[in-house]
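Work through the exercises below with the sequence and the structure side by side. Try each task before reading its solution.

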Amino acid sequence: MSLRVLVVDDDPKITAFLRRSLTLEGYDVAVANSGTEALRSVTASPPDLMVLDIMMPDVDGLEVCRRIRAAGETFPILMLTARDAVSDRVKGLDQGADDYLVKPFALEELLARLRALSRRGAPAQGEDGHRVLQYADLRLDTATREAYRGDRQISLTAKEYELLHLFLSHPRQVLTRDTLMEKVWGYDYSGESNVLEVYVAYLRNKLEAGGEPRLIQTVRGVGYVLKE
């Protein structure tokens, strides 16, 4: 079955170009020309992926992303921005976007990022298809994608789940920044990008929200490790 992509941009040339290009790549493409229209579309039928422009006249992409995440939707969101400043990119990630792409962009790069976002590694499973990863008081149910710190349930976005799954699959093992980027995002970011640091901070905030001790430790100059 084709993945359904919702393209949100107020520029009809961009939406027409992406509709045509993504359809040729085998995606089922829907288009929204405003933030309000995008929110209505998501409410009616959530997509598998979203390509979301930041700059729109009614409800901008940052607010659209925030409302989608507040509603509990976890499908991947690729944010389009005309601004390349790190602060602008971080704003999108802070609202729950999974990735960003600066305009003007090459179609090949957008397609690669969509493939990476849609990639969901299948965890190793037992005969009943059920597996729980655990370290200390942290548990991750791979069948339900639910996380717990002790008895406290933790809500995770798609990327947060993938990152935590990777840490719990390799407890006490130092994972380099390059390894984490490749396994979770599926391609290389430029050295200046801090998307990994942003998502580690998200996870730490959620895992430590009840005052629990830190489990994701920084190994300076190398990466991160899950250990007490």
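Contact here means heavy atoms within 4.5 Å. Keep that cut-off in hand for the helix exercises. The model is predicted.

**Exercise 1. Take stock of the chain.**
Task: State how many helices and strands the chain has, and what share of its residues is buried.

Solution.
- Step 1. Count the elements: the chain has 8 helices and 12 strands.
- Step 2. Turn to burial: of the 228 residues, 48% are buried.
- Step 3. Look at the surface. The accessible surface is about 11,100 Å², and carbon and sulfur atoms hold 48% of that area.
- Step 4. Check the contacts. Among those with a separation of 6 or more, 59% link residues 24 or more positions apart.

**Exercise 2. Order the parallel sheet.**
Task: Give the strand order of the open sheet with parallel pairing, and explain why its edge strands each have a side without a neighbour.

Solution.
- Step 1. Trace the 5 strands: the order is E2-E1-E3-E4-E5.
- Step 2. Find the edges. E2 (28-32) and E5 each have a single partner strand, so one side of each lacks a neighbour in the sheet.
- Step 3. Add the twist, which averages 20 degrees from one strand to the next.
- Step 4. Count bridges from E1. There are 5 to E2 and 4 to E3.
- Step 5. Pin the register with residue pairs. Arg4 stands opposite Asp28 in E2, and Leu6 has Met50 in E3 as its bridge partner.
- Step 6. Move on to E4. It is joined by 4 bridges to E3 (residues 49-53) and by 4 bridges to E5 (residues 99-102).
- Step 7. Pin these pairs too. Val51 stands opposite Leu78 in E4, while Thr81 has Val102 in E5 as its bridge partner.

**Exercise 3. Test the faces of two strands.**
Task: For E4 and E1, decide whether the residues on each face are buried or exposed.

Solution.
- Step 1. Recall the rule: side chains in a regular strand alternate between the two faces of the sheet.
- Step 2. Apply it to E4 (residues 77-81). Ile77, Met79 and Thr81 lie on one side, Leu78 and Leu80 on the other, and all are buried.
- Step 3. Repeat for E1. Arg4, Leu6 and Val8 point one way, Val5 and Val7 the other, and all are buried.
- Step 4. Tally: 5 of the 5 residues in E4 are buried, and 5 of the 5 in E1.

**Exercise 4. Follow the crossovers.**
Task: Name the helix in each β-α-β unit that includes E1 and E2, or E3 and E4, and give the handedness.

Solution.
- Step 1. E1, H1 and E2 form a right-handed unit.
- Step 2. H1 (residues 12-24) lies across E1 (4-8), E2 and E3, at about 170 degrees to E2.
- Step 3. E3, H3 and E4 form a right-handed unit.
- Step 4. H3 lies across E3 and E4, at about 165 degrees to E4.

**Exercise 5. Place Arg69.**
Task: Locate Arg69 and explain why it counts as buried.

Solution.
- Step 1. Arg69 lies in helix H3.
- Step 2. Its relative accessible area is 14%. Buried means under 20%, so Arg69 qualifies.
- Step 3. List what it touches beyond four places in sequence: Thr74, Phe75, Pro76, Ile77, Gln95, Gly96 and Asp98.
- Step 4. Link back to the sheet: Ile77, one of these contacts, is itself buried in E4.

**Exercise 6. Solve the antiparallel sheet.**
Task: Give the strand order of the open sheet with antiparallel pairing, then say which strands H6 and H8 lie across.

Solution.
- Step 1. The 4 strands run in the order E6-E7-E8-E9.
- Step 2. E6 (132-135) and E9 (152-154) stand at the edges. Each has a single partner strand, so one side of each is left without a neighbour in the sheet.
- Step 3. Neighbouring strands are turned by 20 degrees on average, direction ignored.
- Step 4. Between E7 (residues 138-141) and E8 (residues 146-149) there are 4 bridges. Arg139 has Tyr148 in E8 as its bridge partner.
- Step 5. H6 (residues 158-169) lies across E6, E7 and E8, at about 115 degrees to E7.
- Step 6. H8 (residues 195-207) lies across E7, E8 and E9, at about 160 degrees to E9.

How values were computed:
Residues are numbered from 1 along each chain as its sequence is written. This is a predicted model: local features need pLDDT of at least 70, side-chain atom pairs count only at pLDDT 80 or more; totals for chains, interfaces and linings use all residues. Side-chain values use heavy atoms; hydrogens and water are left out. Buried means under 20% relative accessible area, exposed over 50%, partly exposed in between (1.4 Å probe, protein chains only). Helices (H or I, at least four residues) and strands (E, at least two) are DSSP runs, numbered from the N terminus. Two strands pair if DSSP finds at least two bridges between them. A crossover is right-handed if, with the strands pointing away from the viewer, the path from the first strand over the helix to the second runs clockwise. Axes are lines fitted to C-alpha atoms, for helices over the stretch in contact, and angles run from 0 to 180 degrees between N-to-C directions. Accessible areas come from the Shrake-Rupley method with a 1.4 Å probe; for residues, only the protein chains shown count as cover.
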